[in-house]
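Student: I've got a new model open and I'd like to learn how to read it. Can you walk me through it?
Tutor: Sure, let's take it one feature at a time.

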Amino acid sequence: MAEVAVFASGSGSNFEAIVTSLAKTEHSVCCLVCDRHEAPVFERAKRLGIPAYHVSYFRRSRVEAEQEIIDKLGAHRPSYIALAGFMRILSPFFVDTFPHKIVNIHPALLPAHPGAHGLQESYLSDDEQLGITIHYVDHGTDTGPIIRRQSIHRNSGETLETAERRIHSLEHHLYPDVICSLLDAYEKQQEAG
Ligand code: GRF
């Protein structure tokens with residue numbers, strides 16, 4: 001059994017999908033880390049019985065906040081960290097503390113449309129396809145090595161809201177799947193010594 005810590009800042013629909021999906025496997029989510037104390041994801045964590053930590057970035061340096069996150073994670077020692085709508089850029093210090101162990105989901109087909117507005121920008125672009133990307137986190141913004149990408153066709157006349165719904169439901173299937181495979185591989189590697 002291996003564990004993943006999930007970082008989120010908002011609604012947390014991906015967080016919930018990861019928790020419920022991993023509950024059907026031998027793996028699990030050990031905790032939630034969130035930088036916004038009023039974020040709806042806390043309600044989900046409570047309902048699902050997952051330990052949740054609010055780590056404030058207010059009036060402190062990013063590295064101070066990240067040091068607190070590292071301290072909190074010390075109690076859990078997760079094998080992976082999965083960013084799921086975490087709206088903070090992690091510092092090189094943090095990323096290097098967990099080398100090749102931090103993954104992110106992005107609602108566009110990287111390397112196109114990186115950044116906080118990837119979904120909207122891809123919707124407004126001339127691209128024929130929309131989609132999602134799961135990738136390792138490196139020192140850049142949405143630049144790390146790609147693990148999985150999945151595209152979907154645009155539906156003619158589709159609104160941004162409808163496209164967003166389809167993207168989210170794709171995320172809710174693919175992200176838990178990829179995380180489960182990473183945890184499986186991690187465990188095999190541990191067993192092999
Ligand atoms: C998702 O679309 C994800 O791709 C992006 O942030 C959104 C988070 O949504 N990084 P939710 O909080 O999981 O509902």
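Student: Let's start with a helix. Which residues of α1 are buried?
Tutor: Keep in mind that this is a predicted model. A residue counts as buried when its relative accessible area is under 20%. In α1, the buried residues are S13, N14, F15, E16, A17, I18, V19 and L22. That is eight of the 10 residues in α1, so the helix is largely enclosed by the rest of the structure.

Student: What do the buried residues of α1 pack against?
Tutor: Their packing partners are β1, β2, α2, β5 and α6. For a single-residue view, take L22. Once you set aside neighbours within four places in sequence, L22 is in contact with V4, H27, S28, V29, P176, I179, C180 and L183.

Student: How do I think about a nonpolar core?
Tutor: The general idea is that in soluble globular proteins, nonpolar side chains tend to be buried together. Here, the largest nonpolar core has 36 residues, and V4, F15, I18, L22, V29, Y175 and I179 touch the most other members. At least two residues of this core come from each of β1, α1, β2, α2, β4, β5, β6 and α6. The element giving the most to this core is α6, with 10 residues. Apart from it there is another core, of 21 residues, with A5, I69, L90 and F98 among them.

Student: Now strands. How many residues of β5 are buried?
Tutor: Five of the five, so β5, which spans residues 102-106, is largely enclosed by the rest of the structure. With a strand, look at its two faces separately. On one side of β5 you have I102, N104 and H106, on the other V103 and I105, and all of them are buried.

Student: Which strands pair with β5, and in what sense?
Tutor: On one hand there's β4 (residues 80-83), which runs parallel to β5 and is joined to it by three bridges. On the other there's β6 (residues 129-136), which pairs with β5 in the antiparallel sense over four bridges. V103 is a handy landmark for both pairings: its bridge partner in β4 is A82, and its bridge partner in β6 is Y136.

Student: What sort of unit do β4, α4 and β5 make?
Tutor: A β-α-β unit, and a right-handed one, with α4 covering residues 92-97.

Student: What happens on from β6? Which strand does β6 pair with over seven bridges?
Tutor: That's β7 (residues 146-153), and the pairing is antiparallel. To find the register, use L130, whose bridge partner in β7 is I152. Six of the eight residues of β6 are buried, so β6 is largely enclosed by the rest of the structure too.

Student: Which residues are around the ligand?
Tutor: When you read a ligand site, list the residues around it, then look for polar atom pairs. The residues around this ligand are S11, G12, S13, N14, G85, I105, H106, P107, H168 and E171. A polar side-chain atom of S11 is 3.3 Å from a ligand oxygen atom. For S13, an N or O atom in the side chain lies 2.5 Å from an oxygen atom of the ligand. I105 takes part through its backbone, with an N or O atom there 3.0 Å from a ligand nitrogen atom.

Student: N14 is on that list. Is N14 buried or exposed?
Tutor: Buried, at 9% relative accessibility. N14 lies in α1, and beyond four places in sequence it touches A84, I105, H168, E171, H172 and Y175.

Student: Where is V55, and what is V55 in contact with?
Tutor: V55 is in the loop between β3 and α3. Don't assume a loop residue is exposed: V55 counts as buried, at 1% relative accessibility. Leaving aside neighbours within four places in sequence, its contacts are V33, C34, D35, R60, A65, E68 and I69. A65 is 10 residues from V55 in sequence, and their C-alpha atoms are 6.5 Å apart.

Student: One last residue. Which helix holds F42?
Tutor: F42 is in α2, and it is buried, with a relative accessible area of 18%. Not counting residues up to four places away in sequence, F42 touches L32, C34, R36, H37, A52, Y53 and H54. You can also check the C-alpha separation from F42 to A8, which is 9.5 Å for two residues 34 apart along the chain.

Definitions and conventions. Residues are numbered from 1 along each chain as its sequence is written. This is a predicted model: local features need pLDDT of at least 70, side-chain atom pairs count only at pLDDT 80 or more; totals for chains, interfaces and linings use all residues. Side-chain values use heavy atoms; hydrogens and water are left out. Buried means under 20% relative accessible area, exposed over 50%, partly exposed in between (1.4 Å probe, protein chains only). Two strands pair if DSSP finds at least two bridges between them. A crossover is right-handed if, with the strands pointing away from the viewer, the path from the first strand over the helix to the second runs clockwise. A nonpolar core is a set of buried Ala, Val, Leu, Ile, Met, Phe, Trp, Tyr and Cys residues joined through side-chain atoms within 4.5 Å. Contact means heavy atoms within 4.5 Å. A residue is near a molecule or strand if one of its heavy atoms lies within 4 Å of it. A polar contact is a pair of N or O atoms within 3.5 Å; within protein, one must be able to donate a hydrogen and the other to accept it, and residues adjacent in sequence count only if both atoms are side-chain atoms.
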